[in-house]
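Colleague: I would like a close look at one part of this model. Please pick one helix and walk me through its surroundings, step by step.

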Amino acid sequence: MEYGGKKLNLDMLRNVWECDAGKMGNIRTNILTDDHFNKNSYSRMRVHLAVQVVSNSMVRLIDDYADNCGGRDSYKSLKLMVSKIDRLVDIMNNTDVSNRGERKGCEILDSPDHFHIQELLDILIFFCKWKDEVGDDIDKYITWQSHEDLSWLILSTIGLAQTYLKTDKSRRLCQRRSGTDDCEHEFAGTKLRNPKPTQNDMRKHTARRTGTRTSGMFTKLNKANTSGDQALYTDDLIKLI
């Protein structure tokens with residue numbers, strides 16, 4: 001890939017990692033290991049490895065060792081991309097403090113004008129500008145499927161926040177649960193009650209349902225008990241539309 005006239009590839013990230021004794025299997029100074037860079041059919045399915053490669057750990061390695069691997073200028077675009085993805089992951093996981101004890105300052109969205117919304121837009125703008133820069137040279141940009149997923153991830157989160165959240169912060173949207181499939185949970189709950197349901201059984205179960213819990217993604221402040229929150233149900237959300 002290429003951005004701003006600078007190359008971006010996994011080998012560049014591996015080079016700075018190896019400068020930190022990574023090639024000798026030193027995993028004490030950072031979370032990265034040889035598995036992060038030697039891709040095979042098994043490691044490609046381990047999503048957390050891909051996320052960790054473009055995390056703040058890699059940003060620190062670039063800051064420390066870029067001078068030994070071609071210069072800081074050659075890593076400028078790569079560092080920017082890694083920083084954007086790292087921030088996106090932190091926001092979508094509403095990470096307040098990382099496993100290393102670093103203060104991330106990411107919060108659960110609780111208002112339609114939350115500061116994370118602008119951050120998410122800035123991240124999307126960065127990738128859109130990158131896409132426009134490369135034009136038809138698709139090898140210089142992420143795959144179109146990745147761009148589409150990225151766009152919908154950000155735009156759907158912003159859309160939900162600005163549609164359902166209120167300025168008085170009486171509702172919250174836990175963005176880290178946005179990947180939960182409520183329909184799958186409903187089906188699993190039915191199978192739990194009846195391992196071999198017939199079509200008629202499924203209809204009866206659905207008819208008795210008063211609402212599907214939104215897996216804790218949406219909550220609203222419980223007025224009857226200020227010490228806790230009350231989960232929103234899909235039926236409640238539909239009434240808001």
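Modeller: Let us take helix α5 and begin with its hidden side. The buried residues of α5 are H116, I117, L120, I123, L124, F126, F127, W130 and V134. Bear in mind that this is a predicted model. Buried here means under 20% relative accessible area.

Look at the spacing in that list. An α-helix has 3.6 residues a turn, so residues three or four places apart point the same way.

What do the buried residues of α5 pack against? They pack against β1, residues 2–3, and against α4 and α6.

Now check the length. Helix α5 runs over residues 115–134, which is 20 residues. At 1.5 Å a residue, the span should be 28 Å. The end C-alpha atoms lie 30 Å apart, so the model agrees with the expected span. Just after the helix comes G135, with a positive phi of about 60°.

Next, follow W130 towards the start of the chain. W130 is one of the buried residues of α5. Its C-alpha atom is separated from that of G4 by 8.1 Å, yet the two residues are 126 apart along the chain. G4 sits in the loop between β1 and β2, the latter being residues 6–7. Is G4 buried, partly exposed or exposed? G4 is partly exposed, because its relative accessibility is 46%. Set aside the neighbours within four places in sequence, and G4 is in contact with S77 and E133.

Two packing partners of α5, helices α4 and α6, also lead to the largest pocket. Both α4 (76–92) and α6 (144–164) supply at least two residues of its lining, as do α1 (10–19), α2 (47–53) and α3 (56–65). Which helix gives the largest share? That is α4, with 8 residues. The pocket holds about 1,900 Å³ of space. It is lined by 50 residues, and the closest to its centre are A50, V51, Q52, V54 and I85. By type, the lining divides into 22 nonpolar, 17 polar and 11 charged residues.

Finally, step back to the whole chain. It has 9 helices and 5 strands. Buried residues make up 37% of its 241 residues. Take the contacts with a separation of 6 or more: 60% of them join residues 24 or more positions apart. The chain exposes about 14,800 Å², and carbon and sulfur atoms supply 50% of that area.

Key. Residues numbered from 1 in each chain as written. Predicted model: local features only at pLDDT ≥ 70, side-chain atom pairs only at ≥ 80, totals over all residues. Heavy atoms only, no water. 1 Å grid on protein atoms, 1.4 Å probe; cavity = no way out; pocket = protein on both sides within 12 Å on 5 of 7 lines; lining within 4 Å. Points joined across faces, edges and corners; volume = space filled by probe spheres on them. Helix = DSSP H or I, 4+ residues; strand = E, 2+ residues; numbered from the N terminus. Nonpolar A, V, L, I, M, F, W, Y, C, P; charged D, E, K, R; others polar. Expected span 1.5 Å × (residues − 1). Buried < 20%, exposed > 50% of the residue type's maximum accessible area, 1.4 Å probe, protein only. Contact = heavy atoms within 4.5 Å. Areas by Shrake-Rupley, 256 points an atom, 1.4 Å probe, with all protein chains shown as cover.
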